[in-house]
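Welcome! Please take a moment to look over the chain shown here, and then we can walk through a few of its residues together.

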Amino acid sequence: MSYNSETGKRVKDQNGKGLINSVRSILKLKSFNLNQCLFGLHLINETNQKTIALVESEKTAIIMSIFKPQYTWLATGSKSGFKYEFLK
């Protein structure tokens, strides 16, 4: 995902579509099985001393980890990413 370094907003093409890429799409891996999780999930194993905070945007989670490092920040990635399966 590409961001403008001055505004912090996502860069989009002429049609308004975000510039998002992944290795599986570049390599055209048709049989790839994408299994998503919460952004930052790997951080919960680092310590059990921090309270987990959940936000929608990955960018918000990164920024808040700087301003409020006493929490472990996770993100759903979108409104539709807030799923019970991810919270188990």
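## What counts as touching

In this report, two residues are in contact when heavy atoms of one lie within 4.5 Å of heavy atoms of the other. Please keep in mind that this is a predicted model.

Let us try the idea on T76, in the loop between β2 and α3, where α3 covers residues 84-87. Leaving out residues up to four places away in sequence, T76 touches L38, L54, V55, E56, G81 and F82. The side chain of T76 also reaches the backbone oxygen of S78, at 2.9 Å. Is T76 buried or exposed? With a relative accessible area of 11%, T76 is buried, because buried means under 20%.

## The nonpolar core

Which residues make up the largest nonpolar core? The five are A53, V55, A61, W73 and A75. Strands β1 and β2 each supply at least two residues of this core.

One core member, A75, is in contact with L38, F39, L54, V55, E56, S57, E58 and A61, with neighbours within four places in sequence left aside. Two names in that list, V55 and A61, also belong to the core.

## T72 and L43

Strand β2 runs over residues 71-75, and T72 has its place there. T72 is buried, at a relative accessible area of 6%. Beyond residues up to four places away in sequence, T72 touches L43, I44, K50, T51, I52 and A53.

L43 shows us the same contact from the other side. This residue is in the loop between α1 and β1, and L43 touches T72 and W73 when residues up to four places away in sequence are not counted. At 27% relative accessibility, L43 counts as partly exposed, because that value falls between the 20% limit for buried and the 50% limit for exposed.

## A patch on the surface

Now for the surface. V23, I26, L27, L29, F32 and L34 form a nonpolar patch there, and together they have about 590 Å² of accessible area. One of them, F32, lies in the loop between α1 (23-26) and β1 (51-55). F32 is partly exposed, with a relative accessible area of 44%.

## A positive phi at K28

The loop between α1 and β1 also holds K28. What is the phi of K28 near? It is near 55°, a positive value in a residue other than glycine. For background, most residues other than glycine have a negative phi. K28 counts as exposed, at 60% relative accessibility.

## Two distances from S22

S22 is found in the segment before α1. S22 is partly exposed, and its relative accessible area is 27%.

How far apart in space are S22 and M1, C-alpha to C-alpha? They are 8.8 Å apart, with their positions 21 residues apart in sequence as the separation. L43 and S22 are also 21 residues apart in sequence, but their C-alpha atoms are 22 Å apart in space.

Terms used: Residues numbered from 1 in each chain as written. Predicted model: local features only at pLDDT ≥ 70, side-chain atom pairs only at ≥ 80, totals over all residues. Heavy atoms only, no water. Patch = residues over 30% accessible without salt bridge, like charges linked within 9 Å, V, L, I, M, F, W, Y side chains within 5 Å. Areas by Shrake-Rupley, 256 points an atom, 1.4 Å probe, with all protein chains shown as cover. Salt bridge = Lys/Arg side-chain N within 4 Å of Asp/Glu carboxyl O. Helix = DSSP H or I, 4+ residues; strand = E, 2+ residues; numbered from the N terminus. Buried < 20%, exposed > 50% of the residue type's maximum accessible area, 1.4 Å probe, protein only. Polar contact = N/O pair within 3.5 Å; in protein donor to acceptor, adjacent residues only side chain to side chain. Core = buried A, V, L, I, M, F, W, Y, C linked by side-chain atoms within 4.5 Å.
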